[in-house]
Amino acid sequence: MVMIASGLSAMDRSLQEAARIDGANEWQVFTRITAPLLMPVLLVVFVTLIVNVLKIFDLVYVIPPGNAKPAANVIAVEMWRVSFGGGNDQGLGSALAILLLILVLPSMILNIRRFRQDRQR
């Protein structure tokens, strides 16, 4: 929310005012002016959230009570459980780690490309 708020505060308000003067309603101002100008900020927020959700481990492992732990499961917890938590199946654990890498890698590549494009401007 802080990043989105800072993106909104850095936005040039004269573009929105010009669109309103030209007869655009608020929905058109949002979809054609505000959202495209906020797209780089929204992309960073989206990528950061995706990476954090895929890599979350500690909260899912610590917070649920004992009988709810099987229902509260994510890839990182399952990887740890089958590799080190009594499953003794390091092959499946490494396969889950590779799956996690494959899921995180595209978002990281998009983020790196965007940073490089911003640096060149």
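## Exercises on an all-helical chain

From the N terminus on, the elements of the protein chain run α-α-α-α-α-α. The structure is a predicted model, in which local features need pLDDT of at least 70 and side-chain atom pairs count only at pLDDT 80 or more, while totals for chains, interfaces and linings use all residues. Residues are numbered from 1 along each chain as its sequence is written, and side-chain values use heavy atoms, with hydrogens and water left out.

**Exercise 1.** State how many helices and strands the protein chain has, and set its radius of gyration against that of a compact globule.

*Solution.*
- Step 1: the assignment gives 6 helices and 0 strands; helices (H or I, at least four residues) and strands (E, at least two) are DSSP runs, numbered from the N terminus.
- Step 2: the radius of gyration is taken over C-alpha atoms, and the globule rule is 2.2 Å times the number of residues to the power 0.38.
- Step 3: for 121 residues a compact globule would have a value near 14 Å, whereas the protein chain has 21 Å.
- Step 4: along the principal axes, the C-alpha atoms fill a box of roughly 65 × 35 × 20 Å.

**Exercise 2.** Describe the burial, the surface and the charges of the protein chain.

*Solution.*
- Step 1: of the 121 residues, 22% are buried; buried means under 20% relative accessible area, exposed over 50%, and partly exposed in between (1.4 Å probe, protein chains only).
- Step 2: about 8700 Å² is exposed by the protein chain, with carbon and sulfur atoms supplying 67% of it. These areas come from the Shrake-Rupley method with a 1.4 Å probe.
- Step 3: there are 11 positive and 8 negative side chains, and the centres of the two sets lie 6 Å apart. Lys and Arg count as positive and Asp and Glu as negative; His and the chain ends are not counted.

**Exercise 3.** Find the aromatic pair and classify its geometry.

*Solution.*
- Step 1: rings of Phe, Tyr and Trp (its six-membered ring) pair if their centres lie within 6.5 Å; planes under 30 degrees apart count as stacked, over 60 as edge-to-face and the rest as tilted.
- Step 2: the count by this rule is 1 aromatic pair.
- Step 3: the ring centres of Trp27 and Phe30 are 6.0 Å apart and their planes are at 35°, so the pair is tilted.
- Step 4: Trp27 and Phe30 are 3 residues apart in helix H3 (residues 26-55), a separation of about one helical turn.
- Step 5: Trp27 is exposed, with a relative accessible area of 60%, and Phe30 is partly exposed at 40%.

**Exercise 4.** Trace the contacts of Met79, Ser83 and Leu96, leaving aside neighbours within four places in sequence.

*Solution.*
- Step 1: Met79 is found in helix H5 (residues 75-83), and Leu96 belongs to helix H6 (residues 90-120). Ser83 also lies in helix H5.
- Step 2: Met79 is partly exposed at 23% relative accessibility, whereas Ser83 is buried at 5% and Leu96 is buried at 16%.
- Step 3: contact means heavy atoms within 4.5 Å. Met79 is in contact with Gly93, Leu96 and Ala97.
- Step 4: Leu96 in turn touches Ile75, Glu78, Met79 and Val82.
- Step 5: Ser83 is in contact with Asn88, Asp89, Gln90, Gly93 and Ser94.
- Step 6: the C-alpha atoms of Met79 and Ser94, 15 residues apart along the chain, are separated by 7.4 Å; for Leu96 and Val77, 19 residues apart, the C-alpha separation is 9.9 Å.

Key. Charge placed at Lys NZ, Arg CZ, Asp CG, Glu CD.
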